[in-house]
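Work through the exercises below with the model open beside you, and try each task before you read its solution.

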Amino acid sequence: MAHLTARSGALLATALLVTLAGCGGANQDENGATGVRKAAAPAVPKAPAGLPGMPPLLDPNDVYAADRPNQLSPVVRNFPSRVYVPNTNSNTVSVIDPTTYQVVETIPVGIQPQHVVPSWDMKTLWVNNNRGHTLTPIDPATGVAGKPVEVHDPYNLYFTPNGKYAIVMASLDRELVFRDPHTMERKKTVPVSCYGVNHADFSADGRYFVVSCEFSGELLKVDTEKMEVIGQQKLPFEGAMPQDVKISPDGKTFYVADMMAHGMWVLDGEKFTTPTLLPTGKGAHGLYVSRDSREMFVPNRGEGSVSVFDFVKNKLTKKWWLPDGGSPDMGGVSADGKVLWLSGRYDAEVYAIDTTSGKQLARIPVGGGPHGLAVYPQPGRYSLGHTGVFR
């Protein structure tokens, strides 16, 4: 009886193994060994796909993760460090050596240069000669200007995050013009019903961008791939004049400086609902993010000050005043993150400001009407345009 019981037990065990194998409870490796199959890992939802061809963000929680101090791309690593200042009234670009705070060269360009814009591949600086209807290329390796390219009404210039197109902000023409990023050949013209398109920034996934319309106090939302306006709204302030646009590090919020509302609009880009106004100072104009993505510098052109906004605290924490007044306008942050460079639009000068203390380090005479200066080179993998917006 004991013999039958042991045999029955062995048969039962064998049957159980066969049954498990048949039900998928065991699996064989390539050598025929049998083992217990591991439970499948739970599915992780994928982030929405970005703009086709756009380099993925280094950090999904920080669109500026590639902009850390001195994190220079091999493309720009050997370029001399310079500050390029377009002088709107002098039709020149002043070139400043940031180590000596001296103008080392003055480059003649076209009529009414507004901004100096790094190309998407970071190999060229384009000077936007607004009323001369040309773009002057400057080689940042040598500082030599090339032959101007005919482009109508180039007030400002941006590049799609995948590098496929340049976007000319044709302010007086009331157009967004998509062009070849190298030859500047026109590819598509998008007429707009607002007045004075001037500044923009892109969503974290690159699929849309927000544009400010200076002269009609409006904002546009544009589909990057379709090259179509998909949203438009009037700002809730009589006489609003929106200027620079910048997205928050986490990609959830757009900020729009407004020189007549004297502050910056806080906008949900996805919903594109009515923004709220955060007062900063008279004539708020530019928006520049610190190298650690913690703060944003807001020059207030009408009162000679710079407000500092803390992204984590979601509030203004400091205000720095230029000791002798001035008209701080557009600019950028040095590669090491220690100096904020700003043009003095109405004072024919440039300001260098310590980003930790707010102390004025230098005040440098330049040509008339200095505007969208570019600090170059800067950290990042590619340029979205303006005076240097890098990702």
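The exercises that follow deal with confidence, overall make-up, nonpolar cores, a charged residue and salt bridges.

Residues are numbered from 1 along each chain as its sequence is written, and side-chain values use heavy atoms, with hydrogens and water left out. This is a predicted model, in which local features need pLDDT of at least 70 and side-chain atom pairs count only at pLDDT 80 or more, while totals for chains, interfaces and linings use all residues.

**Exercise 1. Find the mean confidence of the protein chain and the stretch where the pLDDT is below 50.**

Step 1: pLDDT is the predictor's confidence in each residue, from 0 to 100, and its mean over the protein chain is 91, with 88% of the residues reaching 70 or more.
Step 2: Over residues 1-42 the pLDDT is below 50, and beyond near neighbours in sequence this stretch has 17 contacts in the model, where contact means heavy atoms within 4.5 Å.

**Exercise 2. Describe the make-up of the protein chain in helices, strands and buried residues.**

Step 1: Helices (H or I, at least four residues) and strands (E, at least two) are DSSP runs, numbered from the N terminus, and the protein chain has 1 helix and 31 strands.
Step 2: Of the 391 residues, 54% are buried, where buried means under 20% relative accessible area, exposed over 50% and partly exposed in between (1.4 Å probe, protein chains only).

**Exercise 3. Identify the strands that supply the largest nonpolar core.**

Step 1: A nonpolar core is a set of buried Ala, Val, Leu, Ile, Met, Phe, Trp, Tyr and Cys residues joined through side-chain atoms within 4.5 Å; the largest one has 26 residues, and those with the most contacts inside it are Phe254, Tyr255, Met264, Leu287 and Met296.
Step 2: At least two residues of this core come from each of β16 (208-213), β19 (242-247), β20 (254-258), β21 (263-267) and β24 (295-300), and β20 gives the largest share, 4 residues.
Step 3: A second, separate core of 23 residues includes Cys194, Cys213, Leu384 and Val389.

**Exercise 4. Determine which side chains make polar contacts with Glu218.**

Step 1: Glu218 lies in strand β17 (residues 218-223).
Step 2: Glu218 is buried yet has no salt bridge (a side-chain nitrogen of Lys or Arg within 4 Å of a carboxyl oxygen of Asp or Glu); the nearest side chain of opposite charge, Lys234, is 5.3 Å away, with Lys and Arg counted as positive, Asp and Glu as negative, and His and the chain ends not counted.
Step 3: The Glu218 side chain makes polar contacts with the side chains of Ser216, at 2.7 Å, and Gln232, at 2.8 Å; a polar contact is a pair of N or O atoms within 3.5 Å, where within protein one must be able to donate a hydrogen and the other to accept it, and residues adjacent in sequence count only if both atoms are side-chain atoms.

**Exercise 5. Locate the partners in the salt bridges of Arg131 and Asp201.**

Step 1: The structure holds 14 salt bridges, and one of them joins Arg131 to Asp153, with the closest N and O atoms 2.7 Å apart.
Step 2: Arg131 is in the loop between β7 (125-129) and β8 (134-139), and Asp153, 22 residues apart from it, is in the loop between β10 (149-150) and β11 (156-159).
Step 3: Arg131 is partly exposed at 29% relative accessible area, whereas Asp153 is buried at 0%.
Step 4: Asp201 forms a salt bridge with Arg391 (3.2 Å, N to O), and this pair, 190 residues apart, links strand β15 (residues 197-202) with the segment after β31 (374-376).
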